[in-house]
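Hello,

Here is the structure we spoke about. My notes on it follow below the view.

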Amino acid sequence: MSAKLEIIPLGGLGEFGMNMLALRAGEDILLIDAGLMFPDESLHGVDVVIPDFRFIEANAARVRALILTHAHEDHIGALPYLLKIVNVPVYGTRFTLAVAQHKLIEHGLLSEAELHVVEPGDFVETGPFEIEFIGAAHSTIDGVALAIRTPVGIIVHLTDVKLDEEPIIGEPTDLTRLRQYGDRGVLALLADSTNVERSGRTPSERAVIPALEEIFEQAPGRLIFSCFASSIHRIQIIMDLAYEYDCRLAIVGSTMVRMVETAVAERYLDVPPGLLIPPHDVPRWPRERVAMLVTGCQGEPMAALARMATGSYKQLRIEPEDTVVLSARIIPGNERAISRLMDHIYRRGARVVDETTKRVHVSGHPSQDDLREFYRALRPKYLIPIHGDYRRLCRHKEFACAVGFHPDRVLVVENGQIVELDREGARLSGATVPVGRTFIDEAGFEEIEEFIIHDRRHLAEDGFVLPIVVINKTTGELEAEPEIVTRGFVASENGEELLDRARERVLETIAAADLDERTDGAVMKEKLRVELKRWIAKQTDRHPMIIPVVIEI
Ligand SMILES: [Zn+2]
């Protein structure tokens with residue numbers, strides 16, 4: 001039988017997030033990334049979304065290894081769920097694996113996991129594959145591109161990579177090494193489509209410094225920065241500027257605290273001496289001498305920033321004269337949540353700076369000129385656009401053809417379709433594997449100690465609970481007694497009593513909320529969901545899906 005390779009996308013092609021890809025040669029499968037997707041507002045009652053693992057379950061004995069390209073959730077977030085199905089060796093750089101480790105600890109999987117730290121320049125051989133890790137610049141640190149030797153030729157996997165010639169931390173993307181692969185001959189390039197509609201080059205991470213400097217210079221009161229916790233370059237810039245402007249900095253929100261701790265422990269972040277103060281010390285400092293770095297740049301109702309904007313979080317709240325800097329892009333689907341967050345901030349007399357008003361954010365993904373540079377370096381025979389909704393995959397093809405690719409050499413593929421490569425060339429095989437989304441109900445609320453990890457596939461067993469409340473949008477008062485509807489959730493013989501007490505919990509949760517929270521349906525939904533989930537689990541040891549319905553009149 002002549003050599004054959006199959007490329008099988010399991011997530012991230014035809015949608016944003018939960019990136020995952022399988023390469024299959026004969027009896028051997030190599031997996032690249034295991035990402036999650038954050039549910040948007042339409043998926044109430046769900047914490048995270050991961051790829052459907054049926055293909056992996058069916059082929060568990062053939063999976064040789066998992067390669068993680070970088071520490072973003074949409075590339076590593078599904079790792080614990082994957083390892084529960086196939087506990088294969090995992091390869092990644094030091095920072096990526098340090099972040100992954102925390103996830104495995106939360107899921108009690110660290111002791112069995114087989115983690116291998118690699119660095120750019122390293123080779124790993126597994127089954128018929130030999131993988132070289134190539135340094136790649138992105139918005140988080142320690143990312144890698146992959147050059148994979150397979151029985152049919154070299155495949156280059158360029159995940160979220162930009163041509164940052166001067167990253168804040170680490171080395172620029174290793175274009176020289178990519179060129180060497182181009183000289184040897186690359187059969188197929190898999191390249192990121194996220195920013196394919198943007199002309200020019202994606203700016204360096206450094207490009208945000210002037211705008212942030214100006215903000216430090218001019219802000220009348222306290223500065224509150226929010227970015228993704230994994231944006232370590234950005235966090236370093238904010239720390240350096242805070243130090244330069246003689247400000248103290250408080251890190252607020254458990255995800256941010258943990259990520260900063262990891263980056264410091266692994267010696268990527270360099271914290272200026274005396275800079276950090278605990279959040280509870282913030283009120284003790286003069287307003288112009290203190291800044292905060294908080295979680296919640298996507299308007300997540302339970303994250304620190306939204307809670308500071310609607311009520312308080314650890315005694316911190318947004319105050320008049322504060323400047324809130326949203327140093328991140330809006331992930332598609334979060335527009336409404338962010339817009340609501342900005343309203344809350346302005347209502348408190350503070351102001352918001354985001355990327356529409358100043359360059360406080362740059363992307364980590366390649367724009368058209370970055371892509372062109374990568375094509376030129378690698379000169380692949382085939383191009384497969386990855387990472388993006390279907391439109392962007394198609395536009396990636398249009399762009400590639402406009403700069404010289406033959407249309408037959410660019411394959412637009414969606415999740416579950418199989419690309420077949422052999423001596424004759426590359427094509428869609430016509431066969432498919434099962435793909436889809438699996439909804440996971442994780443811990444949710446940051447401050448709940450106990451992690452309740454539960455698979456949505458048990459929905460049929462545990463049923464669901466719908467608390468229904470009617471709230472006056474102006475006064476925040478309840479307009480009717482709350483109701484609770486359940487299906488398939490049979491608590492015990494004293495089910496009626498349990499529901500009465502659950503209604504009490506609903507009333508107490510609403511009473512405990514601030515006016516700003518009560519008049520924000522999305523916040524109340526999330527508060528009710530988290531509280532009832534915790535309470536019902538404690539009372540009954542069951543995990544029904546909680547889907548609050550908040551009617552605002
Ligand atoms: Zn990324």
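**Strand pairing, sheet and domains**

Strand 1 and strand 3 (residues 20-25) run antiparallel and are joined by 5 bridges. Please keep in mind that this is a predicted model. Within that pair, proline 9 stands opposite leucine 21 of strand 3. Strand 1 also pairs with strand 22 (residues 417-422), again antiparallel, through 3 bridges; here leucine 5 faces leucine 421. Of the 7 residues of strand 1 (residues 5-11), 7 are buried, that is, under 20% relative accessible area, so the strand is largely enclosed by the rest of the structure.

Next, the open sheet. It has 6 strands in the order 9-10-11-12-13-20, and the pairing is mixed. Strand 9 (123-126) and strand 20 (382-386) are at the edges; each has a single partner strand, so one side of each has no neighbour in the sheet. On average, neighbouring strands are turned by 20° against each other, direction ignored. Inside the sheet, strand 11 (residues 143-150) and strand 12 (residues 153-158) are antiparallel and share 5 bridges, with threonine 150 opposite glycine 153 of strand 12.

Two helices go with this sheet. Helix 11 (residues 368-378) packs on it and touches strand 12, strand 13 (188-192) and strand 20, its direction making about 165° with that of strand 13. Helix 5 (residues 175-184) lies across strands 9, 10, 11 and 12, at about 140° to strand 10 (129-136).

As for the overall layout, the chain is divided into domain 1 (5-200 + 363-437), domain 2 (205-353) and domain 3 (459-552). The C-alpha centres of domain 1 and domain 3 are 40 Å apart.

Regards

How values were computed: Residues numbered from 1 in each chain as written. Predicted model: local features only at pLDDT ≥ 70, side-chain atom pairs only at ≥ 80, totals over all residues. Heavy atoms only, no water. Domains from an automatic or database assignment. Pairing = 2+ DSSP bridges. Helix = DSSP H or I, 4+ residues; strand = E, 2+ residues; numbered from the N terminus. Axes fitted to C-alpha atoms, helices over the stretch in contact; angles between N-to-C directions. Contact = heavy atoms within 4.5 Å. Buried < 20%, exposed > 50% of the residue type's maximum accessible area, 1.4 Å probe, protein only.
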